[in-house]
Amino acid sequence: MSKISRDTYEDSVATVLKLSQEKKRNFPETVELQIMLKNYDPSKDKRFSGSVRLPFVARPRLNICVLGDESHCDEAKNNDLPFMNVESLKKLKKNKKLVKKLAKKYDGFVASATLIKQIPRILGPGLNKAGKFPTAVTHDESLSAKVEEIRGTIKFQMKKVLTLGVAVGHVNMEHEDLVKNVAQAVNFLVSLLKKNWQNVRSLHIKSSMGPPQRLF
């Protein structure tokens, strides 16, 4: 059962969007959900993690690189997506600095299902360490649809601190779409927590440069 009313969601989102319009930036600001937890001991309690696909794409500018076989590289080229084939990956020779640079250059990766098991062997553990191990894509799926899925999926991961933030949208979204994204993100987060709402100290949403608006 949600402890946040529909009106609270609508008002908070409206304020975030209004303030971003009043002080327009020269880049589309991300809208972030900021979470503070309580009654949790990160050193003892099991750390949670979970991913959920939101109703509307939260991060359309996410830069995803395709690590592909020949056919996926062609598909990536036709869809204006950055890509690398096996030969390009082998040229990195497991060099930690180069793999780190690759991980830094992109926000995420998809890899042909036929290649995914070879990635650690070709690149070493670098992408995994950066938290960017590729998502597998088969030839039965549309590559561009897979990339859109990643752009619309958010991940909650408990680290050593009681605060976390995730991107749930951007200021160019329709008010109603952003409300749906925020509500789904909150409900999913609460479902991951051991004591549900009893573990939530506060929830805010804010745009990249705007002040936080309290939800809970």
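User: Hi! I clicked on serine 202 in the structure above. Which residues does serine 202 touch, leaving out those up to four places away in sequence?

Analyst: Hello! Leaving out residues up to four places away in sequence, serine 202 touches Gln34, Ile35, Met36, Arg214 and Phe216. One thing to keep in mind as we go: this is a predicted model.

User: Noted. Is serine 202 buried or exposed, and why?

Analyst: Serine 202 counts as buried because its relative accessibility is 7%, and the cut-off for buried is under 20%.

User: And which strand is serine 202 found in?

Analyst: Serine 202 is found in strand β9. That strand covers residues 200-207 and runs antiparallel to β1, with 7 bridges joining the two.

User: Can you give me a landmark for that pairing? Which residue in β9 is the bridge partner of leucine 33?

Analyst: Look for isoleucine 205: in β9, that is the bridge partner of leucine 33.

User: What about the faces of β1? Which residues are covered and which are uncovered?

Analyst: Strand β1 spans residues 30-37. On its covered face you'll find Val31, Leu33, Ile35 and Leu37. The uncovered face carries Thr30, Glu32, Gln34 and Met36. Two residues of that uncovered face, Gln34 and Met36, are among the contacts of serine 202, and so is Ile35 from the covered face.

User: How many bridges join β1 to β8?

Analyst: There are 7 bridges between β1 and β8 (residues 163-170), and these two strands run antiparallel. For a spot to zoom in on, methionine 36 stands opposite threonine 163 in β8.

User: Let's zoom out a bit. What is the strand order in that open sheet?

Analyst: The open sheet has 4 strands in the order β8-β1-β9-β10, and the pairing is antiparallel. Its edge strands are β8 and β10 (213-214), each of which pairs on one side only.

User: How many bridges pair β9 and β10?

Analyst: β9 and β10 pair over 2 bridges, in the antiparallel sense. In β10, arginine 214 is the bridge partner of histidine 204. Arg214 is also one of the residues that serine 202 touches.

User: Which helix lies across β1, β8 and β9?

Analyst: That's helix α8, residues 175-192. Helix α8 runs at about 150° to β8.

User: Changing topic: there's another sheet. What order do the strands have in the parallel one?

Analyst: That open sheet has 4 strands in the order β4-β3-β5-β6, with parallel pairing. Here the edge strands are β4 (83-84) and β6 (135-137), each pairing on one side only. Helix α7, residues 143-151, packs on this sheet and touches β3, β5 (108-112) and β6. The direction of helix α7 makes about 155° with that of β6.

User: How do β3 and β4 pair, parallel or antiparallel?

Analyst: Parallel: strand β3 (residues 64-67) and β4 pair over 2 bridges. Leucine 67 stands opposite methionine 84 in β4.

User: Now pockets, my favourite bit. How much space lies in the largest pocket, and which residues lie nearest its centre?

Analyst: The largest pocket holds about 740 Å³ of space. Its lining has 22 residues, and those nearest the centre are Arg59, Asp107, Gly131, Lys132 and Lys155.

User: Which strand gives the most to that lining of the largest pocket?

Analyst: β7 gives the most to it, with 5 residues. Strands β5, β7 (153-157) and β8 each supply at least two residues of this lining, and β8 is also an edge strand of the antiparallel sheet we looked at earlier.

User: How do the lining residues of the largest pocket divide into nonpolar, polar and charged?

Analyst: The lining of the largest pocket has 10 nonpolar, 7 polar and 5 charged residues.

User: And what volume does the second largest pocket have?

Analyst: The second largest pocket has a volume of about 220 Å³. Its lining includes Lys94, Lys96, Lys100, Lys104 and Lys129. By class, this lining has 5 nonpolar, 2 polar and 5 charged residues.

User: Which helix supplies the largest share of the lining there, in the second largest pocket?

Analyst: Helix α4 does, with 5 residues. Both α4 (96-105) and α6 (126-129) supply at least two residues of the lining.

User: Last one: how many helices and strands are there in the chain?

Analyst: The chain has 8 helices and 10 strands. Of its 216 residues, 42% count as buried.

Notes
Residues numbered from 1 in each chain as written. Predicted model: local features only at pLDDT ≥ 70, side-chain atom pairs only at ≥ 80, totals over all residues. Heavy atoms only, no water. Buried < 20%, exposed > 50% of the residue type's maximum accessible area, 1.4 Å probe, protein only. Pairing = 2+ DSSP bridges. Contact = heavy atoms within 4.5 Å. Axes fitted to C-alpha atoms, helices over the stretch in contact; angles between N-to-C directions. 1 Å grid on protein atoms, 1.4 Å probe; cavity = no way out; pocket = protein on both sides within 12 Å on 5 of 7 lines; lining within 4 Å. Points joined across faces, edges and corners; volume = space filled by probe spheres on them. Nonpolar A, V, L, I, M, F, W, Y, C, P; charged D, E, K, R; others polar.
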